Amino acid sequence: MANPKKALEGVRILELGPYVALPMTGRILASMGAEVIKVETNKVLDEMNFIPAWSRGGGQPEFQRAKKRITIDVRTPDGLEVFKELVKVSDVFMTNFRRNILDRWGIDFPELRRLRPDIILMWQTGLGGIGPYYTYKSYGILVQHMGGVSLMSGEEGEPPATINTSYSDYHTGVFQPVAVIGALMRLRLTGRPATMESSIFKSGALTAGPAILDYQSTGRTPQRMGNRDPFAAPHGVYRCQGDDRWCAIAVQTDEHWAAFCRAIGSPEWCSEDSFSSLESRLADQERLDGLVGEWTAGQTAEDVMTRLQEAGVPASLVSQGKDLYESAHLKAREFYRPTRFYLADRAKPAWEWQGEEGIA
Amino acid sequence: MPFEAPADGVLLPPYRVLDLAGPEGVFCGKLLADYGADVIKVEPPAGDPTRQRPPFIGDQPGPERSAYFLFYNTNKRSVTLDLESSQGQGLFKKLAASADVLIESFPVGYMKSLGLDFDTLKTGNPGLVMCSVTPFGQTGPWKDFQSTDLISLAASGFMQITGDPDGPPLRQGNEQSHFPGAQHAAAAIMGALFYRDMQGGPGQYIDVSMQEAMITYYTDAHPALAWMQRGENVTRVGTNSTLVIPLGAYPSKDGWISAGIITPREWENLSQWMYEVTGNEDILNDAYKGGNQDRAPYNDIITALVIDFTTRFTSEELFHQGQERNLVFIPVNTVPDLLSDPQLEASNFWFDLDHADAGTLKYPLGVFDSEEVSPGTKPAPHLGQDNDAIFGGELGLSETELASLHAQGTI
């Protein structure tokens, strides 16, 4: 008695906008069965098709998966008319362009609502659609530093550590489906549509978390502490055999510590008084880290992880792309599935683009 | 559970959500609660362990004063229940029979050992949507592996791409591993509820792996695909890019400022401004002109010149004056910067919540603005504050029964 429908079957969503967060939202909604139509123009394609370091187009199989993809140049009068016809038959319109750009193109939210009175509007911005910065130009990879978490990442006394992706884009991208599905539900139950405006800045700032309350109460601001942790020692990454290979180890409880010592063959230093409690291990971390590092250095990261996990100690190799692609665990869970994607080519119409097999 | 429409100004219907999740999934319940779901935190009688987590408001320890607990449990209700006792399990089944959603993050198999797994609970409630958020998911060879925030950041590859290329992989701050799984869980739960209530489908079980959720958080770099197609391991690039010059974080007069020069026009604007300020003609060198990668051979010289420039301004000055020159300078904000930011102030981000023990504090609620719907504004619940209303009022237990359960330590 399988139910033939998918969760969002019958919902049509118009997606206008490049990069990461908005296409991610579309991808999630599409995989739940919504008909997601990605609108591009042949002249202004999503830059994510062309990022040179990822010549196949970073994440394109992921971002294209399960979507319909059409090209309309909304900057031409004919293109704009076609776009408006699409709005009339869509349940949701999502975009991530700034208001001044949408204005220039003649895309105006109140008018879209006149064309389709019950349309759900999801407007994603970088810094905010209203307020003093609404016209500000921004790049997602920089906006993530506004959220407060960059200054909590990195070694003590060193510059803030940055992550080689724009994580706050994903916070926005993965949250927006909650807002869109909620608004669709609310529309069906109350007859009232909603216009919602999100920002990458706010998504990042929300994850500054409890430190926001702590600052108001005590005036403290969070300090960078590298890979260390106030509630665990040893706690960090330790170099293993091979090029740039590391294993992370987190010893939180007394049970973890006893199991850790047994797993590494109970060397003499394990029974030193100065390592007998969490407090004492925290106080002598520099030396402890050195000793743990000596033990890991002669082994592969996989072996260190396996030996510690078998003993019940939290440990993991620091996964590289190869590890993730070949992971027996992820394969057993069918995490990656083959998917066809298209290599964008500015010189050719989209229907002549070359399809390739990728994974998503 | 009769299906109700959301109240005026509220996004979600008052779905009944039982929240058993620890730090791995606590943000999921918060998102649903902030947007209108009736989220009930089911705590052990001694209280959720995170109530004991420092820091405490005013540095005074107490179960109602943990900043962590207060932050992640806004708009939730609280009941206490010992799930390891048979009476507690019986009462939980009654609660689950009236629930739309159950969220949990226990080790794989723990709910089954209590007789509270999905197959058992759905017999009393075929519409139940149950979601587990665990480090490696419910299946596969790693399912029972021990994890922590650090271990999840390592296993997902997040650490491989955080930090300096010459240094070790680094942890991203503030337990970032606890967000991706919880947010994916919230999206999946919404999809499952839509399926049930709008498409006539049954309830379902959702298995969220934090590792998998985190991998989706850098699909722009898609490390597995980069390996599959080009044999390359995506890695750390450090605070400042070696490809796009300049791009990264630089010291300012009062902190850090991030900057990125992407187009040749932006470089023209920046180099002219740097010359006006520093008087150093070297910056106008023709060799430095062009697209962002043309400056790669001069990275060290240019970075030194950029720092000589940025340290003459406050971060705020660079942020606003940069925009006047069509340049993107973005402040690397501290927590106090966030609290005084005029954009966040203007965009309905902060809410004053008054909590009997913690006092009135500003909380960020919600990640979108809307004239039609807004988040709820209730502070985190006191331990067991809704026991009487839910066990007594809704499940119909008498005062004597409640007193007896309390005396036995079941609630």
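This short talk goes through how two chains touch, and then how two helices cross inside one of them. Please keep in mind throughout that what we are looking at is a predicted model.

Let me begin with the two chains, where 120 residues of chain A are in contact with 115 residues of chain B. If we ask which element gives the largest share of the side of chain A that touches chain B, the answer is helix H7 of chain A, residues 167-190, which supplies 18 residues. Sorted by class, the residues on that side of chain A comprise 66 that are nonpolar, 40 that are polar and 14 that are charged.

The chains also meet through strands, since strand E6 of chain A, residues 195-199, pairs with strand E12 of chain B, residues 368-369, in the antiparallel sense and over two bridges. Within this pairing, you can find Ser198(A) standing opposite Phe368(B) of E12(B).

Now let us turn to chain B alone, where helix H1, residues 26-34, and helix H7, residues 180-199, have axes that come within 7 Å of each other and cross at roughly 45 degrees. Because of that angle, H1(B) is described as oblique to H7(B), and the crossing of H1(B) and H7(B) is right-handed. On the H1(B) side, the contact is made by Val26(B), Phe27(B), Cys28(B), Leu31(B) and Leu32(B), while H7(B) brings Ala182(B), Gln183(B), Ala185(B) and Ala186(B). What classes of residue does this contact of H1(B) with H7(B) have? There are eight nonpolar residues and one polar residue in the contact between H1(B) and H7(B), with no charged residues.

Notes: Residues numbered from 1 in each chain as written. Chains lettered and ligands numbered in written order. Predicted model: local features only at pLDDT ≥ 70, side-chain atom pairs only at ≥ 80, totals over all residues. Axes fitted to C-alpha atoms, helices over the stretch in contact; angles between N-to-C directions. Helix = DSSP H or I, 4+ residues; strand = E, 2+ residues; numbered from the N terminus. Parallel < 35°, antiparallel > 145°, perpendicular 65-115°, else oblique. Left-handed = near helix turned anticlockwise from the far one by under 90°. Contact = placed C-beta atoms within 7 Å. Nonpolar A, V, L, I, M, F, W, Y, C, P; charged D, E, K, R; others polar. Pairing = 2+ DSSP bridges.
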